[in-house]
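Please work through the following exercises with the sequence and the model open beside you. Each task is followed by a solution that proceeds in steps.

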Amino acid sequence: MAPPKILLSGDVSGNLKQLFKRVVSVNKSAAGPFDALLCVGQFFPDSADQLDEFNDYIEGRAQIPLPTYFIGDYGVGAAKVLLAATRDAGNQGFKLDGLKICNSLYWLKGSGKFTLHGLSVAYLSGQQSSDSQQFGTYNQDDVDVLRAIAEEPGIIDLFLTNKWPSGITNRANISDAPSGVSEPFGTDNIVAELVAEIKPRYHIAGTKGVFYAREPYSNVDAVHVTRFLGLAPVGNKDKQKFIHALSPTPASTMSAIEIRAKSTTTTLSPYTYEEKTAHSIEAGKRSSDSISDSQYWRYDVPQKRQKHGDGNRLCFKFVSSGSCPRGESCNFQHDVDAREQSLRGVCFDFMNKGKCERGPECKFKHSLQDEGDSNSQPGRGSGNANRNRSTECWFCLSSPKVESHLIISIGEHYYCALAKGPLVEDHVLLIPIGHSPNTVSLPSECDIELDKFQNALKKYYNKQGKEVVFFEWASKRTTHANLQVVPVPSAKAAALKNIFNLAAERQGFKFTTMKSSNNYDGRTLLGEQFDRNFSFFYVQLPDGTILSHSIEENENFLPQFGRQVMAGLLKKADRDDWKNCTDSKEEETKMVEDFKSGFGEFDPNKSFFPSL
């Protein structure tokens with residue numbers, strides 16, 4: 001079977017008549033006929049003067065000569081056309097192969113992957129922007145989808161983006177290229193990260209205003225090469241190439257020898273150079289950075305997110321397989337609870353975004369599953385939920401993964417353990433023995449025991465001249481809860497309420513404030529506030545004040561919000577993420593023994609977990 005024939009176009013900018021005139025001519029040539037046209041860069045007009053000609057094709061008065069796909073969903077008139085497309089009944093559901101605008105014209109919305117005449121095509125529509133716009137920009141969800149696609153087996157044949165990737169000219173011979181190719185303007189660093197992960201055979205982009213066909217480059221951890229094509233705008237004055245023909249054999253049908261083939265002009269990957277340079281620059285920045293404590297406690301959330309990446313997203317590789325080759329260098333969460341939910345048949349998009357665009361077409365579950373529920377979905381994982389829990393959960397006492405040397409005291413419903421990577425030496429956790437997703441909705445007998453633990457810890461810390469803060473992030477995707485217990489010097493306790501409220505304001509929300517005379521009554525108030533359909537964060541302050549917040553479905557709440565606020569107050573900015581400050585087992589064991597020796601007189605259980 002002959003390989004498909006594909007035409008590629010740069011920025012159309014509304015010039016459909018000129019584009020399709022050229023397409024018809026090429027289609028009738030010896031190289032044709034072609035199967036499809038893929039357009040990168042701005043698709044809609046630059047000015048309202050072009051709308052009449054443009055709308056002739058959109059409204060059916062002029063014919064589109066072959067199936068055409070575009071990702072440049074911005075320009076004059078874009079909002080009206082695209083909004084109508086999203087409301088069309090025929091475009092409802094999960095349309096990875098494009099929303100139909102009119103006959104033979106399809107909008108590749110957001111990001112995704114589809115098969116076109118045997119070719120695997122991935123795409124990222126829109127451009128990077130700090131503004132939240134309905135059309136014309138991509139968001140973090142779109143990026144996450146592509147990172148998940150990068151982890152899937154198989155090779156992407158074509159990857160379409162609007163912007164060029166930053167660093168594409170590294171290690172390239174550009175002496176004969178048009179002027180402007182080597183300039184950084186018009187490039188996108190996120191596109192560079194994505195293409196380095198996806199490793200497509202062809203990467204096609206526009207918006208730069210010039211044509212550029214880079215020498216093929218080899219990929220890290222892949223045997224095939226990537227070829228980059230930057231296409232000029234349709235009808236550009238310099239008469240640079242704006243349409244290009246490809247006839248690639250789908251990778252899925254190629255032999256191993258064909259996949260490995262490299263030309264003599266193949267270069268090293270431009271992105272390994274880019275990563276090394278960026279790493280050196282960042283290292284220099286870190287050595288010179290100094291954020292004062294007075295600045296830090298103000299909790300500059302955008303700065304934190306810029307430095308540490310988006311830790312609020314799940315790693316698809318870890319959730320789907322239980323491991324990730326990136327290990328600790330991965331920018332996404334390796335969440336054991338999410339892994340367990342995946343084994344029970346829960347949809348990854350539902351866990352990661354709180355929603356799934358596939359709707360009824362999705363074969364996975366759109367609610368978190370309790371123990372035993374996985375039996376209704378045969379074939380997802382192996383064994384039952386109890387076995388999954390015992391082998392995967394860090395907090396179940398029956399799990400081989402539980403670090404028993406951290407355990408301080410065990411009751412009937414709760415146990416107390418040293419926090420992994422503690423903020424301060426006496427930072428501990430109160431953890432339900434049962435596999436519960438939160439501590440707020442447990443039965444009253446559990447609250448009674450928790451109250452005893454909390455009162456005992458208060459007495460222990462008070463003896464040292466300290467107060468104590470309790471906080472919990474009850475995420476919808478958490479399956480085993482933990483209540484954080486952090487001591488603070490008594491002199492700093494009065495500042496807690498203002499600091500948490502200011503941090504919430506910087507994050508874009510307001511706390512609900514309650515007051516109780518004791519822990520048990522406070523738990524009752526929390527139970528009345530808690531809605532299991534939402535994630536929930538709360539903090540109990542030493543004076544009996546309780547600050548709580550129900551987290552909306554699309555809210556970008558930081559998983560370590562509570563810890564980061566406390567790190568600012570305690571001047572422990574370097575320990576705001578537990579993964580960055582873990583101790584050796586010997587150091588942890590010593591901290592546990594020191595804690596036990598002081599806590600023994602207050603321990604409500606009066607018996608300690610034996611040393612192992």
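**Exercise 1: strand β20 and its partners**

Strand β18 (residues 428-432) pairs with β20 in the antiparallel sense over three bridges, where strands are DSSP runs of E with at least two residues, helices are DSSP runs of H or I with at least four residues, and both are numbered from the N terminus; two strands pair if DSSP finds at least two bridges between them. The model is a predicted one, in which local features need pLDDT of at least 70 and side-chain atom pairs count only at pLDDT 80 or more, while totals for chains, interfaces and linings use all residues. Residues are numbered from 1 along each chain as its sequence is written, and side-chain values use heavy atoms, with hydrogens and water left out.

Task: determine which residue of β20 is the bridge partner of V428, how many bridges join β19 to β20, and whether β20 is mostly covered or mostly open.

Solution. Begin with V428, whose bridge partner in β20 is V485. Turn next to strand β19 (residues 466-474), which runs antiparallel to β20 and is joined to it by six bridges; here K466 has P489 as its bridge partner. Finally, consider the covering of β20 (residues 483-489), in which six of the seven residues are buried, that is, under 20% relative accessible area, with exposed meaning over 50% and partly exposed in between (1.4 Å probe, protein chains only).

**Exercise 2: the open sheet**

Task: establish the strand order of the open sheet of six strands, and explain why one side of β4 and of β15 is left without a neighbour in the sheet.

Solution. The order is β4-β5-β3-β2-β1-β15, with mixed pairing. Because β4 (99-102) and β15 (243-246) stand at the edges and each has a single partner strand, one side of each is left without a neighbour in the sheet. From one strand to the next, the twist averages 25°, an angle that, like the others here, is taken between N-to-C directions from 0 to 180 degrees, with axes fitted as lines to C-alpha atoms, for helices over the stretch in contact. Within the sheet, strand β1 (residues 6-9) pairs with β2 in the parallel sense over four bridges, and L7 has L37 of β2 as its bridge partner. Helix α1 packs on the sheet and touches β1, β2, β3 (68-70) and β15, its direction making about 145° with that of β2, where contact means heavy atoms within 4.5 Å.
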